[in-house]
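Please look over the structure below before reading on. The briefing that follows deals with empty spaces, a sheet and helix packing.

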Amino acid sequence: MALEKVTLGKSLTSGLRRAMERDPKVVLIGEDIGKLGGVFRITEGLQKDFGEARVIDSPLAESGIVGTAVGLALRGYRPVCEIQFDGFVYPAFDQIVSQVAKLRARSLGAVTMPIVIRIPFGGGIGSPEHHSESPEAYFAHTAGLRVVACSNPEDAHWMIQQAIECDDPVIFFEPKRRYHDRGEYDTAATEAPRGLFEAHIVRPGSDVTMVGYGPVVKTMLESAAAAEADGTSIEVIDLRSLSPLPIDTIVGSVRKTGRLVVVHEASSFLGMASEISAQVTEQCFYDLEAPVIRVNGANIPYPPSRMEEDFLPDLDRILDGVDRALAY
Amino acid sequence: MSDKVVAELHEPTPAVGDGGPDMIQLLTPEGERLSHPDYDKYVADLTPEDLRSFYRDLVLIRRLDAEGYALQRQGELGLWPSLLGQEAAQVGSGRALKPHDMCFPTYREHGVGFVRGMDPQSSLQLFRGVSQGGWDPKDHNFHLYTIVIGAQTLHATGYAMGVKMDGNVGTGDPDRDTAVICYFGDGASSQGDVNEAFVYAASFDAPVVFFCQNNQWAISEPVSKQTRIPLFQRARGFGFPGMRVDGNDVLATYAVTQHCLDEARNGNGPLLIEAFTYRMGAHTTADDPTKYRVSAEVEQWKFRDPILRLKTYLSHEGWADEAFFTRVDEEADQFAAELRHGCITMDTMPGETMWDHVYAEDHPVMEAERAAFQAYQASFEEAN
């Protein structure tokens, strides 16, 4: 055991490093990821150690990052793309949803697309527009892609390695406002504590199930601790995988608690919470004591940063959601 | 900017040009062999037999195209993108490739696929609606058709970057050095992806040859809606060579493509070829070109027919006689009959296979939906 307190950002760096050491076909491509180590320094030191051919500073063109990654994958490489910010992924949207997602089906399985597209996502860092978005639903809606979001250093370290090993394309969301949060885990471990597409019950409870992913997991845990003081026991589930959706874990919990609150930063309309709500209603209709409650971002463009605290699900708004679920 | 420069920049690209003084040509529309100091060497070794096989390829793919068109009109295909008029651009460039070179087509390169050795039935699958592609690109180093305009130029560039990372460029070993060719049209030259591909290819010295078939029309829009300058000159702005070849001249297309592929294999890529040609038919069978172009233009291009000029050349040189041309026509008849038979007897896969190749690894949604579909289908059988 080598228990260490590591930031989420550094745990991603070490995860990338291990994947690159393990497989010479793993290459990184993105803007500013070389000498600078990325604007969030996630790739810091990797170009120095693995060279410019494996840590590729790309021209400033997102469709090009993903489109050339398709070609690299066809040539037998395992590209890991870095999109600098969530709001910059849209120029690459066609390459992701029309090419990366569909090439396997189009070739009847002859082609594999082992591409990881890393996207720092979510708000709370005081940035200007296009730097704080949560575009996960666009990708989760597209068959052929897998979509995951990490929330803590240990998961980040292992999930990035598992995503790179996956033969399917993975959209990998990183909670940018948690990059500097520290968490303790065994850095000498050689095996992931859980599968990439498994949800994780991070806090057991009996009165209300609460589901979320990425940056809000920490806020959900804080809410659950606050609720505990008021005598309410909340089971917190870190979804981790948005597609495929680990619905069985949620269903199992809801059958126990009878109540569900789904939290995310993305706008509520047709978001992950809508899908979870629909599936839970189909499977747990007679177990539910209350309608599924959504605590999400508003259905507006992401607001200016001085207003973002009103937009983001915070502890009070989450606890209000819990109260609404308990009111039935 | 001087008035002269402004005037030059605003000089319109003619809708129907003769290709201009920069266009490389080895065989005139009248079938006369022209000499070219830079490109003669690439065709010097061609024997009369080679030239006859070029002719055969041209005729067979024109027949493939005619059959595709007819099958669509008879309801056997949902759509057919015609290559009529572009046979020389496709045969010339396709035959310049080595087997280990990689090729990225659009959805119109049925002729390139044919000369790469692909089963011509494969070109029909997508348009018959039995598959969204359906072949393994590794079988003939011929990637799947790409319908989104220009998207494949980035795939080709990335693949070429990989070729270079593999060390398969500039070694001097002809079996190892590898080039990538990427097809697109004049309309695609306006796409962001194509311009991004040019930037990436140039920045990473990727061994890729961009092969633009300028067939003058992007559905209803003339090339003047895509560019103010001749397309081959675009390359210069990205920092690599561009050249214009007579796309209706199979010899020149073959020579120029060989030259560019050699350059790419030697590490001097990327390069751009503009094959100056004309789409004689409609964009696809859903299009009606009589709405937007005049018949005089089409008539003018008929005199530049790629097959006719090679036939004239072969005849004048005494390298082929009427019996040969008749034999090729008969072979084309047979080829068309086989193509037709193959098309109308093509198997449609059972519905439950729709979920089979979406993911490489087990995916619970696919499994659950397939199982539900099978159960639903089975419920009808039980009811009977």
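How many cavities of 30 Å³ or more does a search of the whole structure find? The search finds one. The model is a predicted one, and the points below take up its cavity, its two largest pockets, one sheet of chain A and two pairs of helices.

**The cavity**

- Rolling a probe the size of a water molecule over the atoms shows where empty space is left.
- The largest cavity holds about 40 Å³ of space.
- Its lining consists of Phe184(B), Ser189(B), Phe198(B), Cys212(B), Leu231(B), Arg234(B) and Leu272(B).
- By class, five residues of this lining are nonpolar, one is polar and one is charged.

**The largest pocket**

- The volume of the largest pocket is about 1300 Å³.
- Its lining is made up of 46 residues. Nearest the centre of the pocket lie Ala137(A), Ala140(A), His141(A), Leu270(A) and Met272(A).
- Several elements of chain A give two or more residues to this lining: helix 6 (136-140), strand 12 (241-243), helix 9 (247-257), strand 13 (260-267) and helix 10 (272-284). Helix 15 (364-383) of chain B also gives two or more residues.
- Helix 10 of chain A provides the largest share of the lining, with six residues.
- The lining of the largest pocket has 27 nonpolar, twelve polar and seven charged residues.

**The second largest pocket**

- The second largest pocket has a volume of about 650 Å³.
- It is lined by 24 residues, and those closest to its centre are Lys102(A), Ala105(A), Arg106(A), Ser131(B) and Gln132(B).
- At least two residues of this lining come from helix 4 (93-100) of chain A, and at least two come from helix 5 (103-106) of chain A.
- The lining of the second largest pocket divides into twelve nonpolar, ten polar and two charged residues.

**A sheet in chain A**

- In chain A, five strands form an open sheet with mixed pairing, and their order is 9-11-10-13-14.
- Strand 9 (200-203) and strand 14 (293-297) of chain A are the edge strands, each pairing on one side only.
- On average, neighbouring strands of this sheet are turned by 25° against each other, direction ignored.
- Strand 10 (residues 208-212) of chain A runs parallel to strand 13 of chain A, and three bridges join the two.
- Which residue of strand 13 of chain A is the bridge partner of Thr209(A)? The partner is Leu260(A).
- Strand 13 of chain A also gives two or more residues to the lining of the largest pocket.

**Helix packing**

- Two packed helices are described by the angle between their axes and the distance between the axes.
- In chain B, the axes of helix 8 (residues 151-165) and helix 9 (residues 192-203) come within 7 Å and cross at roughly 15°. Because angles under 35 degrees count as roughly parallel, helix 8 of chain B is roughly parallel to helix 9 of chain B.
- The crossing of helix 8 and helix 9 of chain B is left-handed.
- In chain A, the axes of helix 1 (residues 8-22) and helix 7 (residues 153-165) come within 8 Å, with a crossing angle of roughly 30°. Helix 1 of chain A is therefore roughly parallel to helix 7 of chain A.
- The crossing of helix 1 and helix 7 of chain A is right-handed.

Key: Residues numbered from 1 in each chain as written. Chains lettered and ligands numbered in written order. Predicted model: local features only at pLDDT ≥ 70, side-chain atom pairs only at ≥ 80, totals over all residues. Heavy atoms only, no water. 1 Å grid on protein atoms, 1.4 Å probe; cavity = no way out; pocket = protein on both sides within 12 Å on 5 of 7 lines; lining within 4 Å. Points joined across faces, edges and corners; volume = space filled by probe spheres on them. Helix = DSSP H or I, 4+ residues; strand = E, 2+ residues; numbered from the N terminus. Nonpolar A, V, L, I, M, F, W, Y, C, P; charged D, E, K, R; others polar. Pairing = 2+ DSSP bridges. Axes fitted to C-alpha atoms, helices over the stretch in contact; angles between N-to-C directions. Parallel < 35°, antiparallel > 145°, perpendicular 65-115°, else oblique. Left-handed = near helix turned anticlockwise from the far one by under 90°.
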